[in-house]
Amino acid sequence: MCPLWPFHIFILYLGMLGPLLFASFGVIGVAAESMSSWGVSFEPERVNQVKMGASQVVDFKFNKTEVIGQAKLLGFDPIVEFEFHASDPYIAYVTPVKIPLDHSVPIEDGSGLDRVSFNVTGNFLGYTEICATSQISKNASKVFQCMPVSVVRESRVLDKAFTYSVAALVTVIYVNMGAALDMRTMKETIQKPYGPAIGFMCQFIVMPLLSFGIAKLFISVAALQLGLFITGCSPGGGASNIWTLTLGGNLDLSITMTTISTLSAFIMMPLWMLTLGSTIFKDANLTVPYSKIATFAGCLVIPLAIGVGIQFKWPKVAKFLVRVLKPFALFLIVFIVVFAVYTNLFLLQLLTWEIILCGMLLPWLGYLVGGGLAVILRREWGDVIAIAIETGVQNTGLSIFALRFSLPQPEADLTTVLPVAVAIMTPLVPTAVLVMQKLHNRIVRNAGFALTLDKEDSISPSLTPSV
């Protein structure tokens, strides 16, 4: 046996992150915008991360002679003023909207250009565009050029407290998971690998593809698509063990599947983010954060290794951590939903019907696909419950941590709404099944009691004397 067992697994894994870190230093994002043929431009070329309620001055530069000459050459009406419009005024707005051409100021740099200035004011976090236009006929306008704008929230102490507390709680959960790893139970379950194999396929093949498809179908904003996709790539949540036990499923299988998915997440989450997820990063005009993904994966394996070390070095401490694992996992779910909404009330404004629908479809279809596949493969009913729950219950705390750690603003804020929506919708199906089980058991119990009374009446001696 390897003298470093079982820590050699973590050492090998950390070694695999080397190429990913190396790739992070070789990636350079280049963005360029071509000048308009009318000789106009914005200065700056884009407004990045203007804060909500704050304003930034933007200059619109142009060659007055060329603009007037181009309009005349093409047979347009004389251009007398510029108009500036935001494609989504709810995100940002412009003042003043209209600026006469003769209000322009020559730029004293020898370029022969003039400029007009306006203010861009952030209203709500997100993205929009500011476009410069002018009326060129009674029924038509010329769009000269558009400038991207992103709006972010003012960073608060409460926001940092939420991010750090989620990271701390996820770390504690992973230390507890390491302390709870039962190698003997895992070995016995893996010797009959049908259940774990079905769960792994559902967790890391079906769910990522399902989340990608749902996001592309119902969400138009690429950053929000990324939030749902990362949630779908997350491993099973600790609450899956609680629900499996509550609903009468195979608890040993559930714990083994949670352990396998947790260990596999170190490889599978970065893998999906760097492959299929890269298309969403591209659509969102984001550079894939190779170094942060690698750091994130490494940050997960360290607390798990600490938990395993506690199990071998201090067994009594490990037993205590195992006892608090389930209630702590439940607390994490409640904490994420309550604290996330309280800390980020803006999430309520982002909860459109599409977001709510996506938050519902991902876990609910996970239950259906996982349980349905287990039924098709003729697994026992306890295994069916465990596989269905393990597939549908995602580790939303981990996905929030990954998104906030890996993405800049405003993407980090925007994407948080998806795992929160999933966390809200996830318990509804297990709760409904639990209520149905309770009602069914009560009906059966009452029917059995009535049947017992009927039998007692039928065998009781007759009060009429026999002839």
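These notebook entries record what I looked up in a predicted model of one protein chain.

**Entry 1. The chain as a whole**

I began with the secondary structure, which comes to 18 helices and ten strands. The chain has 467 residues, and buried residues make up 46% of them. I then looked up how contacts are spread along the sequence. Of the contacts between residues at least 6 apart, 77% join residues at least 24 apart. The chain exposes about 23,600 Å², and carbon and sulfur atoms supply 66% of that area.

**Entry 2. The disulfide**

I searched for disulfides and found one in the structure. Cys131 is joined to Cys146, with an S to S distance of 1.9 Å. I noted the torsion about the S-S bond of Cys131 and Cys146 as about 105°, so this disulfide is right-handed. Cys131 belongs to strand S9 (residues 126–137) and Cys146 to strand S10 (residues 140–152), so the bond ties together parts that are 15 residues apart in sequence.

I also looked up the accessibility of the two partners. Cys131 is buried at a relative accessible area of 14%, because the cut-off for buried is under 20%. Cys146, at 24%, counts as partly exposed. I checked two further cysteines as well: Cys202 is buried, with 0% relative accessibility, and Cys358 is likewise buried at 0%.

**Entry 3. Salt bridges**

The structure holds six salt bridges, and I followed up several of them.

In the bridge between Lys98 and Glu83, the closest N and O atoms are 3.9 Å apart. Lys98 lies in strand S6 (residues 98–100) and Glu83 in strand S4 (residues 81–86), so this pair ties together parts that are 15 residues apart in sequence. Is Lys98 buried or partly exposed? I found Lys98 partly exposed, with a relative accessible area of 48%. Glu83, by contrast, counts as buried at 13%.

Asp413 forms a salt bridge with Arg153, and here the closest N and O atoms are 2.9 Å apart. This pair links distant parts of the chain, 260 residues apart: Asp413 is in helix H17 (residues 411–425), whereas Arg153 is in the loop between S10 and helix H4 (157–180). I recorded both Asp413 and Arg153 as buried.

Arg379 and Asp383 form another bridge, with 3.6 Å between the closest N and O atoms. Arg379 is partly exposed at a relative accessible area of 26%, while Asp383 is buried at 7%.

**Entry 4. The surroundings of Met52**

Where does Met52 lie? I placed Met52 in the loop between strand S2 (47–51) and strand S3 (55–62). The relative accessible area of Met52 is 33%, so this residue is partly exposed.

I then listed the contacts of Met52, leaving aside neighbours within four places in sequence. They are Gly122, Asn123, Phe124, Leu125, Val151, Val152 and Arg153. Arg153 is the partner of Asp413 in the salt bridge of Entry 3. I also noted the separation of Met52 from Glu154: the two are 102 residues apart in sequence, yet their C-alpha atoms are 6.9 Å apart in space.

**Entry 5. Aromatic pairs**

How many aromatic pairs does a search of the whole structure find? I obtained twelve. One of the pairs is formed by Phe200 and Phe204, which are tilted, with 5.4 Å from centre to centre and 55° between the planes. Both residues lie in helix H6 (residues 194–218), four residues apart, about one turn of the helix. I compared their accessibility: Phe200 is partly exposed at 32%, whereas Phe204 is buried at 0%.

I also looked up a cluster linked by ring pairs. Its members are Phe42, Phe60, Phe62, Phe82, Phe84, Phe118 and Phe144.

**Entry 6. A nonpolar patch**

On the surface I noted a nonpolar patch of about 250 Å², made by Met201, Ile205 and Leu209. Ile205 lies in helix H6, the helix that also holds Phe200 and Phe204. At 39% relative accessibility, Ile205 counts as partly exposed.

Methods:
Residues numbered from 1 in each chain as written. Predicted model: local features only at pLDDT ≥ 70, side-chain atom pairs only at ≥ 80, totals over all residues. Heavy atoms only, no water. Helix = DSSP H or I, 4+ residues; strand = E, 2+ residues; numbered from the N terminus. Buried < 20%, exposed > 50% of the residue type's maximum accessible area, 1.4 Å probe, protein only. Contact = heavy atoms within 4.5 Å. Phe/Tyr/Trp six-rings, centres within 6.5 Å; stacked < 30°, edge-to-face > 60°. Patch = residues over 30% accessible without salt bridge, like charges linked within 9 Å, V, L, I, M, F, W, Y side chains within 5 Å. Areas by Shrake-Rupley, 256 points an atom, 1.4 Å probe, with all protein chains shown as cover. Salt bridge = Lys/Arg side-chain N within 4 Å of Asp/Glu carboxyl O. Disulfide = S-S within 2.5 Å.
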